[in-house]
Amino acid sequence: MHEEPILKMKSISKKFGSVQALYQVDFELYPNEILGLLGDNGAGKSTLIKIISGVFTQDEGEIFIHGKSVTISDPAGAKELGIETVYQDLALATKLNIAENIFLGREKMKKFLKTPIQVLDKKKMETETRPLLERLRIALDPKLKVGTLSGGQRQATAIAKSVFWEAKIIIMDEPTAALGVAETAKVRQIILDLKKHGASVILISHNLEDVFSVADRAIVLRGGMRVGDRIIKNTTRDEIVKLMVSGEQKQENNNVQLNNVTS
Ligand SMILES: Nc1ncnc2c1ncn2[C@@H]1O[C@H](COP(=O)(O)OP(=O)(O)OP(=O)(O)O)[C@@H](O)[C@H]1O
């Protein structure tokens, strides 16, 4: 791919005490791309996405959005840049309905003329949520309480929320963990729909089938370093597993850092 990345990270390093969680990691995400971020436990995946989503700040390295250098100092700053993260715990309010969750923190209020009274405009929130769910082919009534939904339906709600707020970059942390076969298939379809609607997705998953069924490309981390970058249609599950387990000993053409970096 030769177009400009929507997100580019250059030589990102992060230490926690004496633990080098990331070391000079380069990372790029292209417009309209689904990118799998893979690696064994402790490889540095969560640290990297937390830097992108403003939870952590890198010790070294630079981040560019559409070629422009940016500082992402907190999660609100990431949202302003169009970056939304769907964490494993989904951060939904189970006692509220789907529409109220979509608008959580950014509620629509009814205003009464000549009084300071404001109440939630539930009808408006539901009316705006309905076409959103239809667009993503999520067959759910916006009035359903999130507490009554299955794991897959909750995942769909969390994804719909990020779409509603026009995220350009959607980060998903293990979206199919703990889902059954049918629900996993539905979540994969929603991820493909996100791409159809113009978003770029970073997908962290231990499930290689997720990555092979939806992703265009995969970046592999190992021991805090980037050890592989593969176009999915040109690689195999075996090759990816080998990269995750032992990295690779030949220099790639895209600045992959090897374990024995000499600086
Ligand atoms: N807040 C923290 N404090 C101290 N060490 C941390 C912290 N977060 C991560 N680490 C360490 O940084 C390294 C990378 O961890 P990270 O969670 O990014 O890996 P991961 O690839 O997401 O792993 P997993 O798949 O197990 O979630 C690990 O050695 C981990 O113990």
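## A walk through the predicted model

Leaving aside neighbours within four places in sequence, I6 is in contact with L29, Y30, P31, I65, H66, K168, I169 and S200. Bear in mind that this is a predicted model. I6 sits in the segment before strand 1 (7-16). Is I6 buried or exposed? I6 counts as buried because it has 21 C-beta neighbours inside 10 Å, and the cut-off for that label is 20 or more. One more distance for I6: I171 is 165 residues away in sequence, yet the two C-alpha atoms are 13 Å apart in space.

**The overall picture**

Zooming out, the protein has eight helices and 12 strands. Of its 263 residues, 41% are buried. What share of the contacts between residues at least 6 apart in sequence join residues at least 24 apart? That share comes to 66%.

The domain assignment splits things into domain 1 (1-82 + 200-247) and domain 2 (83-166). Measuring is not involved here, just arithmetic on the model: the domain centres, taken over C-alpha atoms, are separated by 29 Å. Where the two domains meet, seven residues of domain 1 are in contact with four residues of domain 2. On the domain 1 side, helix 1 and helix 2 (75-80) each supply at least two of the touching residues. By class, that side of domain 1 divides into four nonpolar residues, two polar and one charged.

**Helix 1 and the ligand**

Helix 1 turns up again around the ligand. Which residues surround the ligand? They are F16, V19, A21, G39, N41, G42, A43, G44, K45, S46 and T47. Two elements give two or more residues to this shell, namely strand 2 (19-29) and helix 1 (45-52). Helix 1 is the top contributor, with three residues. Sorted by class, the shell has six polar residues, four nonpolar and one charged.

How much of helix 1 is covered, in terms of buried residues? Seven of its eight residues are buried, so to speak of it as mostly covered is fair. The buried ones are K45, T47, L48, I49, K50, I51 and I52. Two of these, K45 and T47, are also among the residues around the ligand. After helix 1 comes G54, with a positive phi near 85 degrees.

**Backbone oddities**

G54 is a glycine, but a positive phi also shows up elsewhere. Most residues other than glycine have a negative phi. Against that background, Q24 and H66 are worth a look.

| Residue | Phi | Place |
|---|---|---|
| Q24 | near 45 degrees | strand 2 |
| H66 | about 50 degrees | loop between strand 4 (60-65) and strand 5 (68-70) |

Are these two buried or partly exposed? Q24 has 18 C-beta neighbours inside 10 Å and therefore counts as partly exposed. H66 also counts as partly exposed, because its number of C-beta neighbours inside 10 Å is 14. H66 is one of the residues in contact with I6, while Q24 belongs to strand 2, which gives residues to the ligand shell.

**A helix pair and a buried methionine**

Next, helix 5 (residues 151-164) and helix 6 (residues 181-196). Their axes come within 9 Å and cross at roughly 10 degrees. Why call helix 5 roughly parallel to helix 6? The crossing angle makes it so, because angles under 35 degrees count as roughly parallel. Helix 5 brings G151, G152, Q155, A156, I159 and V163 to the contact, and helix 6 brings E183, K186, V187, I190 and L194. By class, this contact has six nonpolar residues, three polar and two charged.

Finally, M125 is placed in helix 4 (residues 122-135). M125 has 22 C-beta neighbours inside 10 Å and so counts as buried. Along the chain, M125 and A158 are 33 residues apart, and their C-alpha atoms are separated by 16 Å.

Definitions and conventions:
Residues numbered from 1 in each chain as written. Predicted model: local features only at pLDDT ≥ 70, side-chain atom pairs only at ≥ 80, totals over all residues. Axes fitted to C-alpha atoms, helices over the stretch in contact; angles between N-to-C directions. Helix = DSSP H or I, 4+ residues; strand = E, 2+ residues; numbered from the N terminus. Parallel < 35°, antiparallel > 145°, perpendicular 65-115°, else oblique. Nonpolar A, V, L, I, M, F, W, Y, C, P; charged D, E, K, R; others polar. Near = placed C-beta within 6 Å. Buried ≥ 20, exposed ≤ 12 C-beta atoms within 10 Å, placed from the backbone. Domains from an automatic or database assignment.
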